[in-house]
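Q: Hey, I've just opened this one and I'm new to it. Can you walk me through it?

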Amino acid sequence: MSSSDQLTDRLLEQTRRHFPPYNETEVEITPIQKGGSGRRFYRVRSAPEQSLILVQYNLDRDENRHYVQIAEFLAQHDIRAPRVYFHDPGEGLIWMEDLGGTDLWHYRDEAWPVRRVFYESALAEVTKLHCLPIAAADGLRKDFPQEFDAPLYQWEQHYFFEHCLGACFGVEERERVALADVPALREIAERLAALPRVLVHRDFQSQNIIIREGESYLIDFQGMRPGLSKYDIASLLYDPYMSLTEAERAEIFALYTEMRIHAGLPLRSDGEELMRLCAMQRLMQALGAYGYLGLVKGNDSFLEHIKPAFASLVAVVAAIPGLEKLHAALLALPPTLARERV
């Protein structure tokens, strides 16, 4: 018996132990390919109407263990997310509600009026999160990943320089160091870190938004932490997996602004400027992750997303004062990755 079959048998045994109805029928366990978090996802089905999602996570990563706590927290505050049915922390296994496999990305080729409805639903859920006082999560905060402070913003920047510019585009270390030392980058990190924080999803993009019966549900929220609401919105607006026009981005931003007003949240006069800064940070983080997951972890599929994310970053950086040197350097890069030039 292969190691894969042995794993499947063990997961089936565990499922039947905790969910007796699955002892009475034939059960199919199907792997689900998802993301780069290191977790493994399976659909456990005994009938078309009876299925679960089983998550097997790495015990060495703290944020994976906190997924259940955050899911329960979201449920307490009526934020749509999968319900957790059972958690075995010793084995690193979570059984949760199967919301289906249709995410927002699935609708990427639909007309804008169709997609707009789903974006509006997703914004409504994340706005509920942004409205919560951070004190509401006091019981979770000791287990949160690092919150968005200046060192984290600077880490995102250096992640980009190392794993995208260096590893993917072959930019020499001396040039990378010079670009990373542009004063405006440090000033942006400090400016964003000085702003009031709210609870943010941290990876609010189309593949982490499940659409079920026309409503949006949040998934992959284990990175939730205090940060800026505009970081979440920038993640959605500049999602490399989707192709949004500038008009569509403007409409999404306007929808979110209306929801903030309705919720009584404050609006800032520099909101659009802060959105650009958050978009720069998010795109740098994403590009660094694509390079790391693609080249270090060997998952080539992530390298496919570098081109659209990089194009968005170039456009965003062009509109930020003080980053002219970085913008010129990005424009001067070859259109292909270093390994494609060998």
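A: Sure, and let's start with a term: a charge sits over a ring if NZ of Lys or CZ of Arg is within 6 Å of the ring centre and within 35 degrees of the ring normal. Keep in mind that this is a predicted model.

Q: OK, so what does the charged end of Arg-225 sit over?

A: The ring of Phe-148, with 5.7 Å to the ring centre. Arg-80 also lies over a ring face, that of Tyr-217, at 5.7 Å from the centre.

Q: Which side chain meets Arg-80 in a salt bridge?

A: That's Glu-125, at 3.1 Å from N to O. Arg-80 is in the loop between α3 (67-76) and β4 (84-88) while Glu-125 is in helix α4 (residues 112-131), so this pair ties together parts 45 residues apart in sequence.

Q: Is Glu-125 buried or exposed?

A: Buried, because its relative accessible area is 2% and the cut-off for buried is under 20%. Arg-80 has 22% relative accessibility, so it counts as partly exposed.

Q: Which residues are in a salt-bridge network with those two?

A: Lys-128 and Glu-215: salt bridges with shared partners join them to Arg-80 and Glu-125 in one network.

Q: How many salt bridges are there?

A: The count is 21. Another one of them pairs Arg-115 with Glu-248, where the closest N and O atoms are 3.0 Å apart. Arg-115 belongs to helix α4 and Glu-248 to helix α10 (residues 246-263), so parts 133 residues apart in sequence get tied together. Both Arg-115 and Glu-248 are buried.

Q: Switching to rings: how many aromatic pairs does the structure hold?

A: It holds 14. One of them is Tyr-290 with Phe-302, a stacked pair with 6.2 Å centre to centre and 25 degrees between the planes.

Q: Where are Tyr-290 and Phe-302 in the chain?

A: Tyr-290 is in helix α11 (residues 271-296), and Phe-302 is 12 residues away, in the loop between α11 and α12 (306-318). Tyr-290 and Phe-302 are both buried.

Q: And which residues do ring pairs link into a cluster?

A: Phe-19, Tyr-22, Phe-86 and Trp-95.

Q: Last one, Glu-26. Where is its place?

A: Glu-26 is in the loop between α1 (3-18) and β1 (28-32). It has a relative accessible area of 72%, so it's exposed.

Q: What does Glu-26 touch?

A: Leaving aside residues up to four places away in sequence, Glu-26 touches Arg-16, Arg-45 and Ser-46. Its C-alpha atom is separated by 55 Å from that of Leu-330, 304 residues apart along the chain.

Technical notes: Residues are numbered from 1 along each chain as its sequence is written. This is a predicted model: local features need pLDDT of at least 70, side-chain atom pairs count only at pLDDT 80 or more; totals for chains, interfaces and linings use all residues. Side-chain values use heavy atoms; hydrogens and water are left out. Rings of Phe, Tyr and Trp (its six-membered ring) pair if their centres lie within 6.5 Å; planes under 30 degrees apart count as stacked, over 60 as edge-to-face and the rest as tilted. Helices (H or I, at least four residues) and strands (E, at least two) are DSSP runs, numbered from the N terminus. Buried means under 20% relative accessible area, exposed over 50%, partly exposed in between (1.4 Å probe, protein chains only). Contact means heavy atoms within 4.5 Å. A salt bridge is a side-chain nitrogen of Lys or Arg within 4 Å of a carboxyl oxygen of Asp or Glu.
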